[in-house]
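Me: I am new to this structure and would like to go through it slowly, asking at each step what a given word rests on.

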Amino acid sequence: MSVRIGVYLCHCGANIAGKVDIDAVADFARGLENVTLVKDYKFMCSDPGQALIQKDLENKLVDRVVVASCSPLMHENTFRKTVERGGLNPYLFTMTNIREQCSWVHIDSDRTTEKAKDLVAASVRRAFLLEPLTKKEVPINPRTLVIGGGIAGIQAALDLAEAGKEVVLVEKEPSIGGHMAKFDKTFPTLDCSACILTPRMVSVGQHSNIELMSYAEVEDVGGYVGNFNIRVRKKARYVDSELCNGCGACWSKCPSSRVPRKGNVHEKLSLGPTTSIYMPFMQAVPAIPVIDRDTCLYFKNDSGACGICAKECERGAIKYDMTDEIVEFEVGNIIIAAGFKTFDPAKVKRYGYGRFDNVMTALEFEVMNCASGSTGGNILMADGSEPKSIGIVHCVGSRDSHYNEHCSRVCCMYSLKYAHLIKEKTDAEVYQFYIDMRCFGKGYEEFYDRLLSEDVRFVRGKVAEISKVPVTETEEGKLVVSVEDTLLGTVRRIPLDMVVLSTGLEGSETLPEIAKLCSVSVGKDGFLIEKHPKLGPVSTATDGVFVVGGCQSPKDIPDTVAQASAASSAVLSMITREKIEIEAATSEVDEDKCSGCKLCNTLCPYQAVKFDEEKEVSVVNEALCKGCGTCVAGCPSGAISAKHYEDRQIFAEIEGIFSGGL
Amino acid sequence: MKYTYYPGCSVSATANLYQESIDSVLPGLGIELEELDDWNCCGATAYMSVRELLSFAISARNLALAEKYHRDMVTPCSACYLVLNKTNRYCEEYPDIRKKVGQALEAGGLNYSGNIKVRHLLDVVVNDVEKEKIAGTVKKDLSALKVAPYYGCQIVRPEIGLDDPDDPQIMDELIRSVGATCVDYSMKTKCCGASLMGTDEKKALHLCKEILADAERNEAHCIITVCPLCQMNLDIYQSKVNSLFGTKFRIPVIYFTQLIGLAQGKSMKELGLGRLGVKISGEMKKIIEGA
């Protein structure tokens, strides 16, 4: 039976047609073997464009379809559906990319046209050998796992729970709340962080649809979209959460400290009690303390010498013999809201962090401003006195090719907030050392304007050094900030009492591990990679895994909340569908050829190939396989083939490229 | 361990006491130096900013000559270290410069294929000799001697990768391995003014004053350096600093090799220490003699 291939060329407006001579490619395609029909259209992905293909299929003019347009990442799915509507198996269609890999990247028009011809010839050869494949459907478990209990995870969990769906929220710290729980005020509205966050934390704790696992970490993720198998380690708190009522009797008598006592006041900054049995902060959810094993005297002495908290607890909730607990459960989707960490400024030696008292990080300054913090919200120097001058250094570890190239987005704004708080609480002079002021959000520029009239000094320039080497008498005993004031065009030395380093945002320490578990990639900036930077901001390359908040990129609270709601809505749409189609272009192991070497098991980036101990061969889990072909290339016995990308199909494509249309 | 040795002009003249200490100390550490035959001036950093291409060409001549030895080339001078490394890097990264430099070398019957690694003597002593070996040659207890390591600008900036450009540690480590006490101070990588001393002396003296003041504030008995020009500025011009600013600095500025020699119990004369501008006296002398 003869094969009739239809070739459809897209102009993509001027994107392709501006560089590629479409008529010449069409003429060329008409001369190719098995091609019975060639059409071109301004936008093949548009409704009329798709209708062209669909009609030809309905009229039985063609039985294989080649579309030469953009990247398959963009529209492969679009055209597969078109082909399906036309009554053809969607795998009898192939797409060739003459935009991203052709018209967009070459200068010479003639040669670009020639390349487009070669690519079309390759796809026509491939189309000839395509086989119909059948997609499978799997059911979707309506439960969702949310990793991380900061504002991102809280929002996502509440959205889903309110929609009547079950959520498991796993948080590694003893309490949910994340970074937002450490903030005193939020910019630009200056509303109290705890006042807006606490009600949501409480809702999470009380919601019947949310199972909160605090002080717990995800250890393993198996399965695939709709059917993930999760293993979580609940770390031992040494406090029975069923019995404890959070009264605080235990920590009020605890004789040991988890926060180093020696040194200056900054080291002691902490929101909750500084004792070994503690609550991270007073609004903690769950309101159950935890014992810091490293500093607790009971554990240190081994013999159980202390035990004061157990004696103080009327309810007998202290359980020194508690061990980690492993729980396993199933979910249909995963939302990663693992958050961020702040840059460690000790790496920038010339800023003196860790060497000089009164040089502190933004987060430390945040805690210092918190009314429930150890200074009671007062801005104090290491010796307990009030500073007369404070400098705020922007872009520490951000916008700096030595550390992080990216802009951390929130630092300009929180730096302005600090200036306001300092002016409100003290008589100190405030300097802002900035490169550019980036006030991008709603009400942000207005806040900057307001600060300009609050007697804050703005010096435009990157700080070169913070030193304690005085050159003049006024510099004696001060922190001297050396900076090039780029507006005045001069180098300035400004003696100050205290310096706050506006440290940038990085992906959290646990992010690479979580990414690996969930088969999500980490970008070179250290943040998780979303499916598409513009059109797929919350989904990922792994179906059923979503990313939100500070682990995807630095962002402020409004953007984080918006993204969290976007992810929960994406999850809800998956759950509502109840079933999901699984990609049919997967790998397949020929059991007769497989030697059982297991190389493919380790190569697979999606953990889709497992070893069948009984048969002693490797088996591909089709629901997990993405058809990437890594195992196919890696198999030393040539036992694995990729459906839709068989060797003979690929060789035919290569031959097509070199055939010159013959 | 054998290396090709590029002494540079300074140690052959004004800084010959550096050379004397090198000759005295290195054999004991198992380091053998073979002087590059027919070497010429690298042009130093000053020439680089006047005639860049010529400067690359004359320093590339040394690199070309060194290739026949098939060894790393070692220099004791920070300026030579910087210029030779810069020549290497520019010839590698910029085809245009490589071509022109190649033509200049060809005219002299030479060719440079880019295979010479240029290292500072400090790098070799700290990174190629085991710490225990250095400690093993120590005969005197210098634990009471407080030594301020002065790195200057050129061995760590621009980033050649020898050490952290803001807070280098290799000289600190060396001081500890010979048993002396290392002084931590803020000015250890600040510029001494270098050749500015010849053109705008007052400004250069000011820079030297800040370094000396910070060393004194941190109670250093002496400063050690790795560069003939840094040594000259801080040592020979110390009296001028004193008369200009009314200070009373008496801080000997010695080479790191001289410190190793002192720890090994070598005489002041053998190490060229008798010819310093600021003589070793007072407490430092007592510590050395008493040890």
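Reply: Let us begin with a definition: a residue is called exposed if 12 or fewer other C-beta atoms lie within 10 Å of its own, buried if there are 20 or more, and partly exposed in between. Please keep in mind throughout that this is a predicted model.

Me: What makes B:His70 buried or exposed?

Reply: B:His70 has 9 other C-beta atoms within 10 Å, and since the limit for the exposed class is 12 or fewer, B:His70 is therefore exposed. It sits in the loop between helix 4 (52-66) and strand 3 (73-75) of chain B, and its phi is near 55°, a positive value in a residue other than glycine.

Me: How do you know which class A:Arg399 belongs to?

Reply: A:Arg399 has 19 other C-beta atoms within 10 Å, and because the buried class starts at 20 and the exposed class ends at 12, A:Arg399 counts as partly exposed. This residue, found in the loop between strand 19 (389-396) and helix 13 of chain A, also has a positive phi, of about 50°, although it is not a glycine.

Me: Why is a positive phi worth pointing out in a residue other than glycine?

Reply: It is worth pointing out because most residues other than glycine have a negative phi, and in a similar way most peptide bonds are trans. Two peptide bonds of chain A are cis: the one from A:Phe187 to A:Pro188, with omega near -10°, and the one that joins A:Val285 and A:Pro286, with omega about 0°. A:Pro188 belongs to the loop between strand 8 (185-186) and strand 9 (191-192) of chain A, whereas A:Pro286 belongs to the loop between strand 13 (277-278) and strand 14 (290-291) of that chain.

Me: Why is the largest set of 129 residues called a nonpolar core?

Reply: The name applies because such a core consists of buried residues of listed nonpolar types, joined through C-beta atoms within 7 Å. The largest one has 129 residues, and those with the most contacts inside it are A:Ala157, A:Ile336 and A:Ala337. Helix 13 (residues 411-425) of chain A gives the most to this core, with 9 residues. Beyond its neighbours within four places in sequence, A:Ala157 is in contact with A:Val146, A:Val167, A:Leu169, A:Val204 and A:Ile210. A second, separate core has 99 residues, among them B:Phe56 and B:Tyr237.

Note on methods: Residues are numbered from 1 along each chain as its sequence is written. Chains are lettered from A and ligands numbered from 1 in the order in which they are written. This is a predicted model: local features need pLDDT of at least 70, side-chain atom pairs count only at pLDDT 80 or more; totals for chains, interfaces and linings use all residues. Helices (H or I, at least four residues) and strands (E, at least two) are DSSP runs, numbered from the N terminus. Two residues are in contact if their C-beta atoms, placed from the backbone, lie within 7 Å.
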